[in-house]
Amino acid sequence: MVDRNLSNSPEFLQERVSYLEESNQRFMSILEMLASSSEFQGDLSRAKDGAGIFKATASQLRRLFSFQSMGFLDSQFDGSFELVVADPPGAFDILQSQVEARMMDGTFAWALNRNQAVLAPMENGETLLLQVVATQSCVRGMFAGTLPGSSAALDGASLNALSIVLYTCAYALESTILYGMLHDHTQHLEERVQLRTRDLEEARRQAEAANLAKSDFLANMSHEIRTPMNGVMGMTELMLQGGLTPQKEKKYLRAIKDSADSLMLIINDILDFSKIEAGKFTLEKVPFNLRDVVERCLGGLLIRCEEKGLGLTSRIDLAVPACLVGDHGRLRQVLTNLVGNAVKFCQQGRITVEVDLDSRETDDVTLHVRVTDTGIGIAEEACERIFNQFEQADTSTTRKFGGTGLGLAICKKLVALMDGDIWVESRLGEGSCFHFTARFQVGSEELLAADKDLSPDSSQPGQVPLDILLADDVEINRALVQAVLEPYHHRITFAEDGRKAYDQYRSGHFDIVLMDVQMPEMDGLQSARAIREYERAIGRSAPVPIVAMTAFAGNEDRQICLDAGMDDYLSKPVKPAQLLQLLNRFCERRTTSAVAVTEIAPPASIPKSAPDELDDSIEIFDQKELLERLGGRSEMVPRFIGLFCKGVLPQLEGLATSLEAEDPEAVRRHAHAIKGSAGNIAAQRIHQMAAMIEKTAKEGDLTETPQRFAMLQLEYSAFIEAVGALGFIAET
Amino acid sequence: MAMSDYPPATIERLVEETSTVYSLPLFYERLNETINHPRSSIDDISKIITEDQGLTARLLRLANSPMFGCYAKVESIAKAVTIIGTQQLRDLALAASVMGVFKGIPEDLLNMTSFWRHCIACGIIARSLAVYRRESNVERLFVAGMLHDVGQVVLATARPEVSRELLEAQRDTGMLYLHLERERLGFDHAELGGALLKKWKIPASIGEPVACHHNPGSAEQFRLETALIHLADIICQSMELGHGAEAGVPPLDEPAWDRLGMSPQMLGTVLKQSESQINETFSILSGGADG
């Protein structure tokens, strides 16, 4: 060591030179070692994990310093440190215990914060050096090394070299972690790409298949549309040629009507489907009586059933609320489609419709509807496919049974709009059961009463003659409306477009305006607006009711009409009953004659509770109601009555037998069947009597049944007599 | 203005004159060499310091002050060496002796109490900023802060009347002292101070920040440290933590601020931590100023 007292002596100078040489050598060797650290770099890049990096660093440090032992601690996720590498390996335990002691006395924590070497003397006289391994952002670990004696440990240059090596170590650790993350990420990415490619392939395949199906469909539809059109055109040609007998003419007209009807079905299907596809479809939200809707739907299909000799029954669970809020029209559409299909594909047996409560929340209910038939059944593999658009179970059915094949696809979409599902259980040759669920809000009886205008009551007693302005550019449309209204002695003024309608209105006086919306020159909306403005200008206090007649009858279109100043709308083609009812509604406000606008229940309906004796007011045969059911086709009545008799006689026999056998369940069954048929034919008294028998039989009580049965038979005879008197000879 | 008939005031001249009057404490060079000698031990190093009792006392008090976060009691210099580190202790020792170097400065020219208070504050704040940024060798910043305005002392010693003139001009015009220096002398006290430190063979890691602290862009090697001292000085001037010749607040150099990459919010935290340290350190260092 330098002795300053002899600062100028040769010994001093010698010592000084010696020191300077040694220092210089030390600096040079450190620099050289740091500069030629390619082995170190190589080891670092090859290292796969933290331990590898630590080992490489330890070798590098060994070249620089004479540590007796070295160790590295790795920082863990929870903030603790664990000794992972010791060099020589035998020194692991000693180093471990030393480091732990430093953790206890706070030196370790101090070293973490100091970011430079911290020395701690050991009991055996050696010195422990702790230095943190950290980048600017993060502490990665701690280096611990032991040095002999209580040396100053390291000179300035060596300390700097140590820091450099430990920095390199820290950054290598960071890189490894980042590389690891990158590798994982890349792999994950590759997997996802593979998955996506598969998905894409699948989607492409499906799109191609769908496209093919669509083209097939178009080809089929071409045929389905042309055939009835040809029928219409052919028949009209023949009729125009003239020289036909009235019967022939009627026959041809019937054929034209049938063709038009089936064409209408197809067109409706296609339009419905397109509208739903385009997303331009909203469900209505009106209160309705479920039982009424089901009854009416089945009633419409009854004829076809009876023609084919199929039974058609329905059952609605008592738990289902009477009044619901939703789109009853679409519900009916789905039901009609399913039951219609059942009729189509069923040659014998019966079709049953059942409605149960699937679930109930405070304001909502979910219904579960089942339509079961004993028809030809559906192959298992087709059960899902048939709900796809443009597909029927097998292409031969299109040719055999006709139709667009869109029915079930439309049902599926409608049901989905009603938050439900639709599916089928079936086996070839064993019939099918179609299920669907739908959600509705629960309504209340008052709502029902207030909104009820469902029953197209065609008979309007005491209709006052009105001045009606009718605007429509199509002659046949004008003629149709005229034909409906004339029997009621209304005075109709015609206009061919909106402008003429407006002019007519100004020059005349009208009770109501029926305005077609689509017209040339000036359309219905513009005309309505013009009329309203005129009324405002002249200060007319009571604006005239304007009713739109439009082919577009969705909610949005209705709103457009209302915004233009119209009061209501009728959808085309216009149903006579609806038109009449509407006239009634609007003009009742202006006329003082007491016309019953809404009737809660149609007259002569069956009282809900069965009294002990039959009320005399109940008719034997309600001809009016039957005619309504048959859509006015009175020529069908004889045939229908014949069918009724054919069906009821065996049931009466069966009832007698079960009564003798004292079998309440059998009695109930027969009575139920008789009740149903009688209801359909409007044989009200038979219906009522059968209902009473059914009721007590259900409770197991057959005491009064023999008398009632006798009365039933009397009623049946009375019915036959009554229809005979009316001129309806039962066709057998 | 009366620049008088004195020899022209160049930096070299001023430094030359000052270093004949004032010199670094003897221990510094010895300590530096011992630390750098490959074969010296902790005891060797400790011995040099303990020869100076006053310095020992001051160092031990510093080692046990809030500056080092009250980590275990440091009872001996040897312990201080191991805990604080050899080079760091050397820098700390230098900082602890600087106040005793400059004596006999006229009070009306430069209030030394206030001056040193400013320097200590600057050193503490610069050190705290460095600790926050996890820099190593934070003691370096402390001593650089202590020495950053030493150029003002040099001028006051070598050319007191120029110093007086500049102070008057500052009072009259309201301009910054440092700008007046540049205008009248062609250099400022930072450059002057840096030159003196170089003469004293103080490492560039301390010397350059001092020389460039009013012109951070001119630093070549130690740009980060320079920016730290620059910022610390401005903070001290704004918060009026003591003062030297400068009465105003120098402008903040934007590139230096950007280099530091700090948010204004953290300044509040750092300031809070530094305040307690400043007062205690001042009392420790001024207490043994004559020792």
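Here are worked exercises on a predicted model.

Residues are numbered from 1 along each chain as its sequence is written, and chains are lettered from A in the order in which they are written. Local features need pLDDT of at least 70, side-chain atom pairs count only at pLDDT 80 or more, totals for chains, interfaces and linings use all residues, and side-chain values use heavy atoms, without hydrogens and water.

**Exercise 1. Aromatic pairs**

Classify the pair F644(A) and Y716(A), then state where each ring sits in the chain.

Step 1. Recall the rule. Rings of Phe, Tyr and Trp (its six-membered ring) pair if their centres lie within 6.5 Å; planes under 30 degrees apart are stacked, over 60 edge-to-face, and the rest tilted. Over all chains, the count is 18 aromatic pairs.

Step 2. Apply the rule. F644(A) and Y716(A) lie 6.4 Å apart, centre to centre, with 50° between the planes. The pair is tilted.

Step 3. Place the residues. Helices (H or I, at least four residues) and strands (E, at least two) are DSSP runs, numbered from the N terminus. F644(A) is in helix α20 (residues 637–660) of chain A, and Y716(A) is in helix α23 (residues 705–725) of chain A. They are 72 residues apart, so the pair links distant parts of the chain.

Step 4. Check burial. Buried means under 20% relative accessible area, exposed over 50%, and partly exposed in between (1.4 Å probe, protein chains only). F644(A) has 4% relative accessibility, so F644(A) counts as buried. Y716(A) is buried too, at 12%.

Step 5. Compare a second pair. The ring centres of F115(B) and W116(B) are 5.1 Å apart and the planes stand at 70°, so this pair is edge-to-face. Both F115(B) and W116(B) are buried.

**Exercise 2. Charges over rings**

Which rings lie under the charged ends of R117(B) and R127(B)?

Step 1. Use the rule. NZ of Lys or CZ of Arg must be within 6 Å of the ring centre and within 35 degrees of the ring normal.

Step 2. Read off the partners. The charged end of R117(B) sits over the ring of F282(B), 4.5 Å from the centre. For R127(B), the ring is that of F68(B), at 4.8 Å.

**Exercise 3. Two residues compared**

Are S314(A) and T281(B) buried or partly exposed?

Step 1. Take S314(A). This residue is found in strand β7 (residues 311–316) of chain A. Its relative accessible area is 38%, so S314(A) is partly exposed.

Step 2. List its contacts (heavy atoms within 4.5 Å). Leaving aside neighbours within four places in sequence, S314(A) touches V294(A), L298(A) and V353(A).

Step 3. Take T281(B). Helix α16 (residues 264–287) of chain B holds this residue. T281(B) has 0% relative accessibility, so T281(B) counts as buried.

Step 4. List its contacts, not counting residues up to four places away in sequence. T281(B) touches L62(B), M67(B), I120(B), I124(B) and F142(B).

**Exercise 4. The interface**

Describe how chain A and chain B meet.

Step 1. Count residues. 28 residues of chain A are in contact with 31 residues of chain B.

Step 2. Give the buried area (accessible area, 1.4 Å probe, that two parts lose on being put together, summed over both). The value is about 2700 Å², and carbon and sulfur atoms give 46% of this area.

Step 3. Find salt bridges (a side-chain nitrogen of Lys or Arg within 4 Å of a carboxyl oxygen of Asp or Glu). The rule finds two across the interface. R114(A) and E139(B) meet in a salt bridge at 2.7 Å, N to O.
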